[in-house]
Structure formats: C-alpha cells, structure tokens
Amino acid sequence: MFTGCIQQMRHNASRRDLRFNLAFYEGALMTVRRTQIVEALVSDIHTNISRILSGNVTRQMVFLNEVNDFPFVCMLVEPETRFHYGAGRKLATLAISLRGYVHDGDSGETIDLAEDLGIDIETAAIQPFAEAHRDLGVEVANVISFRTDEGLMSPYGIMDQSINITYEVAELV
C-alpha cells in the first residue's frame, strides 16, 4: 500500500511537471509570435513610409529628449488579452501605444506634420498590416485612437496612436 502511494505521487509529480512544461512552452511560443508581430509592424512602418529611416523606428518607448533624428516612431507594447471561442479557437489582442515625434524648425507647421505622420502610419502600415501578415495569424489591425499635442511642444510635434492587433493563438501539437 505504501509503495502504491509513492508511485502515485511520482505519477502526479510527472504529470504536474508535464503540464508546467507545456504551459511554459505555450508561453514561449506566444512570446515568439508576439515578438514576430511587433517586429513586422516596425519593419512595415519604416518600409512603407519613405520619410522614416529604419533606425528611427523602435519597439521601446523613447522620450523627446532622447531623439536626434526626425521623424521618429517608438512604441509601448502592452500585455495581450486572450479570448477563447468554441472548438478550441483562441484569439489574442495585442494593444500597442505608438508615439511619433516630428520637428519643423520655425515654421509652426508641427501640428500638420504630426497629423500627417499619424495618417501615413495608419494608411500605409496599419490598415494593410492584417492582410500582409496572415502568415503570423493576424486577423485584424485597427487604430483605436489618434491625438497630437496640438502645437503645445512647438517646434516639436508629438503624435500618439493606440493600436489593437488581433491574431490567432497557435495550438500546441
């Protein structure tokens, strides 16, 4: 009887370890998928918008005093939200806060530059993103909100966008 209890405890421990390893592996897969989607967004922004250099788009939040070249785009990737649907289908929504910095010298056109940058990012990078990245499981990419500093930081301009990217969570095989 005592031997049976020890064997059962070993069996349960190995099942627990297996579940932990599978959960860790699934988390690692989602981290890889999430990273791939964010890297694809960074690439699309500097590829599809000709006035933004590749070194001027980063996936970390950068403040205005750290920027030397303009226009500059940075982002803050927030935790994903998962939705479980029937038949084992899971979707995850990734919320991204995108910030763009522009500089115009003395002309006072910073509001227009910041708005133009936001519109360019939305039309050239965000709207076609889902269609271009079906291989990553991306279903939808939307701009949720858009705002500028309204000239407050002149001669600099700041543009903020909130973006949601919904993608399908891959099942472990």
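Buried means under 20% relative accessible area, exposed means over 50%, and partly exposed is in between (1.4 Å probe, protein chains only). By that yardstick E139, at 30% relative accessible area, is partly exposed. This is a predicted model, where local features need pLDDT of at least 70, side-chain atom pairs count only at pLDDT 80 or more, and totals for chains, interfaces and linings use all residues. Residues are numbered from 1 along each chain as its sequence is written, and side-chain values use heavy atoms, with hydrogens and water left out. Helices (H or I, at least four residues) and strands (E, at least two) are DSSP runs, numbered from the N terminus.

**The nonpolar cores**

- A nonpolar core is a set of buried Ala, Val, Leu, Ile, Met, Phe, Trp, Tyr and Cys residues joined through side-chain atoms within 4.5 Å.
- The largest one here holds 32 residues, and I45, I96 and I165 have the most contacts inside it.
- Plenty of elements chip in at least two residues each: helix 1 (2–48), strand 1 (72–77), strand 3 (90–103), helix 2 (110–126), helix 3 (129–132), strand 4 (138–148) and strand 5 (156–168).
- Helix 1 is the top contributor to this core, with 6 residues.
- Have a look at I45: leaving aside neighbours within four places in sequence, I45 is in contact (heavy atoms within 4.5 Å) with I52, V57, V73, M75, L98 and A125.
- There's also a second, separate core of 7 residues, and L64, C74, Y101 and I158 are among them.

**Strand pairing**

- Two strands pair if DSSP finds at least two bridges between them.
- Strand 3 and strand 5 run antiparallel to each other and pair over 13 bridges.
- To find one of these bridges, start at A95, whose partner in strand 5 is N164.
- Strand 4 also pairs with strand 5 in the antiparallel sense, over 9 bridges.
- Here you can pick out T148, whose bridge partner in strand 5 is M159.

**A closer look at T93**

- T93 sits in strand 3, and with a relative accessible area of 13% T93 is buried.
- Not counting residues up to four places away in sequence, T93 touches P79, E80, T81, F83, N164, I165 and T166.
- The side chains of T93 and T166 are joined by a polar contact of 3.3 Å.
- A polar contact is a pair of N or O atoms within 3.5 Å; within protein, one must be able to donate a hydrogen and the other to accept it, and residues adjacent in sequence count only if both atoms are side-chain atoms.
- T93 and E78 are 15 residues apart in sequence, and their C-alpha atoms are 9.9 Å apart in space.

**Salt bridges**

- Side chains of opposite charge can pair when their charged atoms come close.
- For a salt bridge, a side-chain nitrogen of Lys or Arg has to be within 4 Å of a carboxyl oxygen of Asp or Glu.
- Searching the whole structure turns up 8 salt bridges.
- One of them joins R59 and E39, with the closest N and O atoms 3.1 Å apart.
- That pair links distant parts of the chain, since R59 is in the loop between helix 1 and strand 1 while E39 is in helix 1, 20 residues apart.
- R59 is partly exposed at 30% relative accessible area, and E39 is partly exposed at 37%.
- R89 forms a salt bridge with E139, with the closest N and O atoms 3.3 Å apart.
- This pair also links distant parts of the chain, with R89 in the loop between strand 2 (81–84) and strand 3, and E139 in strand 4, 50 residues apart.
- R89 has a relative accessible area of 33%, so R89 counts as partly exposed.
- R89 and E139 also belong to a network of salt bridges with E168.
- D160 and R147 meet through their side chains in a salt bridge of 3.7 Å, N to O.
- Because D160 lies in strand 5 and R147 in strand 4, the pair ties together parts that are 13 residues apart in sequence.
- D160 counts as buried, at 14% relative accessibility.

**The aromatic pair**

- Rings of Phe, Tyr and Trp (its six-membered ring) pair if their centres lie within 6.5 Å; planes under 30 degrees apart count as stacked, over 60 as edge-to-face and the rest as tilted.
- A search of the whole structure finds 1 aromatic pair.
- The ring centres of F70 and Y156 are 5.6 Å apart and the planes are at 45°, so this pair is tilted.
- F70 is in the loop between helix 1 and strand 1 and Y156 is in strand 5, so the pair ties together parts that are 86 residues apart in sequence.
- F70 is partly exposed at 25% relative accessible area, and Y156 is partly exposed at 30%.
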